[in-house]
Amino acid sequence: QVQLVESGGGLVQPGGSLRLSCAASGSIFSSAVMGWYRQAPGKQRELVASITSGGSTNYVDTVKGRFTISRDNAKNTVYLQMSSLKPEDTAVYYCKMTIGAGRPYSYDYWGPGTQVTVSS
């Protein structure tokens, strides 16, 4: 069974930086797509960034130029480097793994989430 655990969240001042990590307990299949989602109180959960096994990335417009998603397949770990943080970035951040994305059979795994608070 795949288990995802996020780490690196915390309290940071506006303009600061944080790096989130998501470690998978098992191997990541070559077809796996990894993503970071976030959900703030009263708002819908949104996709922040995603990365394919081949390294292709996508970002929501509000974080482009500030956030960078990367992965280390040998360590089964995905990272989200966040810089120039804004109060609007405050949310619970969730890691998601999708196995078989774009194929007839797929399955999603979610981490429990980690809190990121941007405040002075």
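User: I keep seeing "radius of gyration". How do I read that for this protein?

Analyst: Start with the rule: the radius is taken over C-alpha atoms, and a globule is expected to have 2.2 Å times the number of residues to the power 0.38. Now the case here, keeping in mind that this is a predicted model. For 120 residues, the rule puts a compact globule near 14 Å, and the protein has 14 Å, so the two agree. Along its principal axes, the C-alpha trace spans about 45 × 25 × 25 Å.

User: Okay, and how many helices and strands are in the protein?

Analyst: Zero helices and eleven strands. Read from the N terminus on, every element in the run is a β. You can also ask how the chain meets itself: of the contacts between residues at least 6 apart in sequence, 53% join residues at least 24 apart.

User: What about inside versus outside? Is Ser50 buried or exposed?

Analyst: The idea is to look at relative accessible area, and under 20% means buried. Ser50 has 14%, so it counts as buried. Across the protein, buried residues make up 40% of the 120. As for the surface, about 6500 Å² is exposed, with carbon and sulfur atoms supplying 47% of it.

User: Where does Ser50 lie, and which residues is it in contact with?

Analyst: Ser50 lies in strand β5, which covers residues 46-51. Leaving aside neighbours within four places in sequence, its contacts include Val33, Met34 and Gly35, as well as Ser56, Thr57 and Asn58. Ile69 is also in contact with Ser50.

User: Next up, aromatic rings. How do I read a pair of them?

Analyst: A pair of aromatic rings is described by two things, the distance of the centres and the angle of the planes. In this protein the count comes to three aromatic pairs. Take Tyr94 and Trp110: their ring centres are 6.5 Å apart and their planes sit at 80°, and since over 60 degrees counts as edge-to-face, that is what this pair is.

User: Which strands do Tyr94 and Trp110 lie in?

Analyst: Tyr94 lies in strand β9 (residues 91-99) and Trp110 in strand β10 (residues 107-110), so the pair ties together parts that are 16 residues apart in sequence. Tyr94 is buried, at 15% relative accessible area, whereas Trp110 is partly exposed, at 37%. Ring pairs also bring in Tyr37, linking Tyr37, Tyr94 and Trp110 into a cluster.

User: Last one: how many charged side chains are there?

Analyst: There are 11 positive and 7 negative ones, and the centres of the two sets lie 3 Å apart.

Notes: Residues are numbered from 1 along each chain as its sequence is written. This is a predicted model: local features need pLDDT of at least 70, side-chain atom pairs count only at pLDDT 80 or more; totals for chains, interfaces and linings use all residues. Side-chain values use heavy atoms; hydrogens and water are left out. Helices (H or I, at least four residues) and strands (E, at least two) are DSSP runs, numbered from the N terminus. Buried means under 20% relative accessible area, exposed over 50%, partly exposed in between (1.4 Å probe, protein chains only). Contact means heavy atoms within 4.5 Å. Accessible areas come from the Shrake-Rupley method with a 1.4 Å probe; for residues, only the protein chains shown count as cover. Lys and Arg count as positive and Asp and Glu as negative; His and the chain ends are not counted. The place of a charge is taken as NZ of Lys, CZ of Arg, CG of Asp or CD of Glu. Rings of Phe, Tyr and Trp (its six-membered ring) pair if their centres lie within 6.5 Å; planes under 30 degrees apart count as stacked, over 60 as edge-to-face and the rest as tilted.
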